[in-house]
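Q: I am new to reading protein models and would love a close look at one part of this one. Could you take me slowly through a place where two chains meet?

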There are 6 protein chains.
Amino acid sequence: MQTSRFSLGDENLKMIDGAGGEAVIRSLQDIAPDVGKYIIEFAFGDIYSREGLSLEEREMITITSLLTTGGCEPQLEVHINGALNVGITPQKIVETFTHCVPYVGFPKVLNALFVAKKVFAERNISITS
Amino acid sequence: MQTSRFSLGDENLKMIDGAGGEAVIRSLQDIAPDVGKYIIEFAFGDIYSREGLSLEEREMITITSLLTTGGCEPQLEVHINGALNVGITPQKIVETFTHCVPYVGFPKVLNALFVAKKVFAERNISITS
Amino acid sequence: MQTSRFSLGDENLKMIDGAGGEAVIRSLQDIAPDVGKYIIEFAFGDIYSREGLSLEEREMITITSLLTTGGCEPQLEVHINGALNVGITPQKIVETFTHCVPYVGFPKVLNALFVAKKVFAERNISITS
Amino acid sequence: MQTSRFSLGDENLKMIDGAGGEAVIRSLQDIAPDVGKYIIEFAFGDIYSREGLSLEEREMITITSLLTTGGCEPQLEVHINGALNVGITPQKIVETFTHCVPYVGFPKVLNALFVAKKVFAERNISITS
Amino acid sequence: MQTSRFSLGDENLKMIDGAGGEAVIRSLQDIAPDVGKYIIEFAFGDIYSREGLSLEEREMITITSLLTTGGCEPQLEVHINGALNVGITPQKIVETFTHCVPYVGFPKVLNALFVAKKVFAERNISITS
Amino acid sequence: MQTSRFSLGDENLKMIDGAGGEAVIRSLQDIAPDVGKYIIEFAFGDIYSREGLSLEEREMITITSLLTTGGCEPQLEVHINGALNVGITPQKIVETFTHCVPYVGFPKVLNALFVAKKVFAERNISITS
């Protein structure tokens with residue numbers, strides 16, 4: 001049923017992406033509210049609620065895909081926050097980006113690391129001891 | 001003849017992209033004026049003046065291609081204006097971007113929608129009733 | 001309701017992509033049947049059934065996006081067939097690809113044209129007079 | 001020391017990518033042997049031997065990045081084998097690709113699934129019950 | 001004048017890309033002859049005839065761009081031949097691809113190297129001593 | 001030996017990318033210092049110190065690859081400076097970007113030209129006479 005896909009997705013969106021995810025949906029309201037609806041129903045309702053991968057694994061895959069696509073810094077910012085929200089450590093986020101160097105080269109990895117640096121600063125996270 | 005390709009292209013550029021297109025050509029003058037010349041002669045002279053597609057269709061194809069490429073927000077801004085200038089409704093621009101979700105995923109579509117939102121605001125266009 | 005999104009999407013898939021689209025769904029059955037289900041429900045149920053663009057316009061946008069992404073020759077083959085099925089002329093498909101040259105360069109346009117050439121040959125379509 | 005980076009990398013390459021990885025290195029011998037050396041030393045020596053991610057996680061990240069890049073079907077074939085070699089289940093590989101739909105769209109996901117289908121067939125793996 | 005751009009481009013195409021380039025133009029005749037005309041007039045007439053870069057440098061830039069785009073193996077094949085035709089040594093072609101590893105990662109570099117390997121074999125070129 | 005790869009790379013980085021390159025390494029210190037180490041050891045130690053291409057040619061290849069990837073404006077800024085540092089004239093940088101138009105289209109070339117324009121302004125370089 002439409003309603004339950006939406007409810008389930010809305011719950012997942014709030015749990016995973018938190019305020020950042022809700023802000024994206026809200027910012028779509030006066031331009032393309034249906035795209036916001038599809039993000040909730042399809043991405044967070046259908047896909048994120050599937051079995052077979054933990055939420056930590058799903059966020060690791062998501063930030064890898066966004067880094068590789070390139071030019072998706074705003075979405076990367078939302079999902080680095082999402083990754084932290086579901087319990088991935090900052091070190092593991094950095095390690096995920098580092099692992100991508102042989103596959104996408106340094107430039108896209110640098111772009112992603114500087115988004116992580118910004119997010120970590122906003123959350124008062126220090127990853128060096 | 002060179003001259004007529006340039007004249008025809010210049011006319012098309014002004015009609016379609018208007019002030020935004022002219023600003024791009026002008027900003028190339030002190031760095032790569034020939035690239036500006038090729039935009040006028042080849043893109044707007046040779047290509048936009050061809051038969052077989054209406055100007056509305058050409059701008060729909062252009063903004064789809066720019067959205068899919070990614071990282072071309074400045075050009076997308078010029079051509080969302082161009083799309084409006086040739087008579088595509090704001091609703092249809094948003095629908096074009098929405099149609100791309102299954103083919104390129106949400107992140108690139110969001111980037112394009114937020115450029116559209118900025119352009120619509122600058123032109124005092126409200127698309128929700 | 002799930003069922004009606006699926007039914008609507010299945011109808012659209014058959015009408016638009018025909019045998020080629022059905023073959024894709026079938027080939028997913030023993031590897032990822034749910035992805036086939038999402039193609040039907042989300043791409044063809046939710047998106048293709050929206051108002052605001054004609055089917056001809058939707059296929060024009062689809063083949064533009066696939067050309068621009070690159071490396072999607074199998075999907076381009078399905079959707080060039082889809083474009084023909086919904087009434088876009090072969091000339092207009094070629095013109096759509098030609099229009100993309102200034103935005104994506106010649107190589108990706110050539111790749112798309114050679115897929116079109118193959119599809120036209122299979123359908124005994126000759127576009128030169 | 002060069003030697004130990006190479007030895008460590010060579011061991012990792014054999015353990016992870018197995019025959020497929022060795023075939024790639026061998027096929028580089030008469031064209032660009034140094035690139036083969038860098039794959040061993042840098043990718044498999046420096047990167048794969050780092051702490052902070054399990055081998056399963058590294059392969060999950062790798063296949064996600066290759067799917068997202070597009071046009072890397074040969075490398076995807078090697079690393080789907082690699083993923084299976086380090087113990088990722090076929091179901092989890094398919095789920096990883098499925099998770100990417102909202103981020104990269106259906107076409108690139110289909111390309112990756114059909115490579116997985118080929119690899120699974122070669123290894124006599126059936127994933128549907 | 002159209003004619004002279006075409007004549008100049010045609011001469012350049014034949015000199016640089018040789019039989020491979022002419023085959024591409026010919027294969028466009030029954031699908032999109034105008035795209036062939038633009039390749040000759042714009043790419044080889046306007047661009048390749050410009051001052052400021054040697055033909056060797058132009059082919060080095062071209063194969064770098066094709067490698068980085070990805071999915072353009074047919075065009076890479078034509079331009080690896082073109083690079084050899086204008087006097088770039090096979091070793092330098094391989095070195096150009098090798099230099100790209102830190103910028104685009106190994107997978108796209110491997111794809112390009114295997115195209116070079118095929119071209120070198122067809123021309124009976126051995127690059128290892 | 002690790003140390004000598006690092007020393008060699010560090011020297012190359014300073015010579016080629018100068019202050020911009022050092023700033024990138026420094027900005028990685030509190031987020032991913034190892035990625036900075038790999039840039040020095042692998043990119044500037046292993047790759048830039050290879051024979052077979054001059055430094056001018058290496059920077060020409062680098063800026064071509066960054067332009068083609070897209071979304072790498074910060075890295076393009078560092079390497080346009082690097083290109084100037086190793087003696088490529090501003091005119092030749094612009095000509096390199098111009099040559100890419102037929103291969104990647106106008107939008108990515110415009111993005112690169114506007115980065116060059118910014119760098120040239122910062123270095124008080126005027127390229128028009």
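A: Let us walk through the meeting of chain F and chain E, and then visit a few other spots.

Please keep in mind that this is a predicted model. A good way to begin is with symmetry. In general, two copies of a chain are related by a rotation about an axis and a shift along it. Here, chain F can be placed on chain E by a rotation of 180 degrees, with 0.0 Å of shift along the axis, and the RMSD of that superposition is 0.0 Å. The same surface serves both copies, since 97% of the contact residues of chain F recur in chain E.

How many residues does each chain bring to the contact? Chain F brings 31 residues and chain E brings 30 residues. The size of an interface is often given as the accessible area lost when the parts come together. For chain F and chain E this buried area is about 2600 Å², and carbon and sulfur atoms give 67% of it. Three residues are worth finding on your screen: F:E95, F:H99 and F:Y103 together supply 26% of the area that chain F buries against chain E, more than any other three residues.

Now look at the pairings across the boundary. The rule finds six salt bridges between chain F and chain E. One of them joins the side chains of F:R58 and E:E95, with 2.8 Å from N to O. The interface of chain F and chain E also holds 16 residue pairs in polar contact.

Which elements of chain F give two or more residues to the side that touches chain E? They are α3 (33–47), α4 (55–69), α6 (90–99) and α7 (101–104) of chain F. Among these, α4(F) gives the most, with 10 residues. Sorted by class, the side of chain F that touches chain E has 15 nonpolar, 10 polar and six charged residues.

Chain E takes part in another symmetric pair, this time with chain A. A turn of 180 degrees with a shift of 0.0 Å along the axis lays chain A on chain E, with an RMSD of 0.0 Å. The two copies are thus related as by a two-fold rotation axis. The same surface serves both, as 100% of the contact residues of chain A recur in chain E. If you want to find the axis from chain A, look for A:G105, the residue of chain A that comes closest to it, with its C-alpha at 2.1 Å.

Before we finish, let us step away to chain F's tail end of the story and to chain C. F:N124 lies in the segment after α8 (106–122) of chain F. Most residues other than glycine have a negative phi. F:N124, however, has a positive phi, near 55 degrees. Is F:N124 buried or exposed? F:N124 is exposed, with a relative accessible area of 72%. In chain C, C:N124 also has a positive phi near 55 degrees, and C:N124 counts as exposed at 74% relative accessibility.

One last stop in chain C is C:L8, which lies in helix α1 (residues 2–16). At 36% relative accessibility, C:L8 counts as partly exposed. Beyond its neighbours within four places in sequence, C:L8 is in contact with C:F44, C:G45 and C:S49. C:S49 is 41 residues from C:L8 along the chain, yet their C-alpha atoms are separated by 7.8 Å.

Technical notes:
Residues numbered from 1 in each chain as written. Chains lettered and ligands numbered in written order. Predicted model: local features only at pLDDT ≥ 70, side-chain atom pairs only at ≥ 80, totals over all residues. Heavy atoms only, no water. Least-squares fit on C-alpha atoms with pLDDT ≥ 70 in both. Contact = heavy atoms within 4.5 Å. Helix = DSSP H or I, 4+ residues; strand = E, 2+ residues; numbered from the N terminus. Buried < 20%, exposed > 50% of the residue type's maximum accessible area, 1.4 Å probe, protein only. Buried area = accessible area lost by both parts, 1.4 Å probe. Salt bridge = Lys/Arg side-chain N within 4 Å of Asp/Glu carboxyl O. Polar contact = N/O pair within 3.5 Å; in protein donor to acceptor, adjacent residues only side chain to side chain. Nonpolar A, V, L, I, M, F, W, Y, C, P; charged D, E, K, R; others polar.
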